[in-house]
Amino acid sequence: MGDPRNVAHAKKVSQEKHHKDKHASKIGSAPQRAKNVQTEKKVAAPVAERTTPKAETAKPTQPLEPTQLEKSLVVLSKLKELEFHSRANIEKLAELSLTIEEQLKQKAFAEGIGTVYAAQDAFQSKIVKLIEEYEAECTRLKPA
């Protein structure tokens, strides 16, 4: 597994590229877009007629609304991601604390790092508790 920063950067770059491509297609001239749509329809229509039986064409076109469970699982995933980053922050703060106190002998900043470390540790404890409670709720929402 790669460095989380590299993974996050790659995700950001791909999202920006996707957004840029989407935005660029909207900016294109209207006649050109209409021509592309007509061309796509001409090409797609014969393929669709050959591959799909007539009985399947009467499917509902409305997408299904995500259920409360699915939405809750997304929230749970985001909470777990926050907890992961919180744990990483605690580790980094511990390293910085050692560096400031032991190597650099900067006692004036040691207290500040300690305060930030304590706040991050309190956040970590609270988010872990929240995740446990939210997991119980997601379990309750699952069908029997």
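## Lys129 and its partner

Lys129 sits out in the open: its relative accessible area is 51%, just past the cut-off of over 50% that counts as exposed. This is a predicted model, so read every value here as computed from it. Lys129 makes a salt bridge with Glu133, and the closest N and O atoms of the pair are 3.8 Å apart. Glu133 is partly exposed, at 46% relative accessible area.

Both residues belong to helix H4 and are four residues apart, which is about one turn of the helix.

## The other salt bridges

How many salt bridges does the structure hold? The count is four. One of them pairs Arg140 with Glu137, where the closest N and O atoms come to 2.6 Å. Here again the two partners lie in helix H4, this time three residues apart, or about one turn of the helix. Arg140 is exposed at 57% relative accessible area, while Glu137, at 30%, falls in the partly exposed class.

Another one joins two helices. Glu135 pairs with Lys80, with 2.9 Å between the closest N and O atoms. Glu135 is in helix H4 and Lys80 is in helix H3, so this bridge ties together parts that lie 55 residues apart in sequence. Both ends are partly exposed: Glu135 has a relative accessible area of 31%, and Lys80 has 39%. As a general point, side chains of opposite charge can pair when their charged atoms come close.

## Helix H3 up close

Helix H3 covers residues 68-103. Does its length fit or clash with what you'd expect from its residue count? It fits: 36 residues at 1.5 Å a residue should span 52 Å, and the C-alpha atoms at the two ends are 52 Å apart. After H3 comes Lys105, which has a positive phi, near 55°.

Which residues of H3 are buried? The list runs along the helix: Leu69, Ser72, Leu76, Leu79, Glu83, Ser86, Ile90, Leu93, Ser97 and Ile100. Note that it isn't just leucines and isoleucines, since Glu83 is in there, along with Ser72, Ser86 and Ser97. What do these buried residues pack against? Their partner is H4.

## The core between H3 and H4

The largest nonpolar core has six residues: Leu69, Leu76, Leu79, Ile127, Ile131 and Cys138. Helix H3 and helix H4, the latter spanning 107-141, are the elements that give two or more residues to this core. In soluble globular proteins, nonpolar side chains tend to be buried together.

Cys138 is a handy residue to click on. Setting aside neighbours within four places in sequence, Cys138 contacts Leu69, Ser72, Leu73 and Leu76. Of those partners, Leu69 and Leu76 are also members of the core, and Ser72 is on the list of buried H3 residues.

## The whole chain

Zooming out, the protein chain has four helices and zero strands, so the order of elements from the N terminus is simply α-α-α-α. Buried residues make up 12% of the 144 residues. The accessible surface of the chain is about 12400 Å², and carbon and sulfur atoms account for 60% of that.

Contacts tell a long-range story: among those between residues at least 6 apart in sequence, 73% join residues at least 24 apart. The packing of H3's buried residues against H4 and the bridge from Lys80 to Glu135 are good places to look at in the structure.

Note on methods:
Residues are numbered from 1 along each chain as its sequence is written. This is a predicted model: local features need pLDDT of at least 70, side-chain atom pairs count only at pLDDT 80 or more; totals for chains, interfaces and linings use all residues. Side-chain values use heavy atoms; hydrogens and water are left out. A nonpolar core is a set of buried Ala, Val, Leu, Ile, Met, Phe, Trp, Tyr and Cys residues joined through side-chain atoms within 4.5 Å. Buried means under 20% relative accessible area, exposed over 50%, partly exposed in between (1.4 Å probe, protein chains only). Contact means heavy atoms within 4.5 Å. The expected span of a helix is 1.5 Å times one less than its number of residues. A salt bridge is a side-chain nitrogen of Lys or Arg within 4 Å of a carboxyl oxygen of Asp or Glu. Accessible areas come from the Shrake-Rupley method with a 1.4 Å probe; for residues, only the protein chains shown count as cover.
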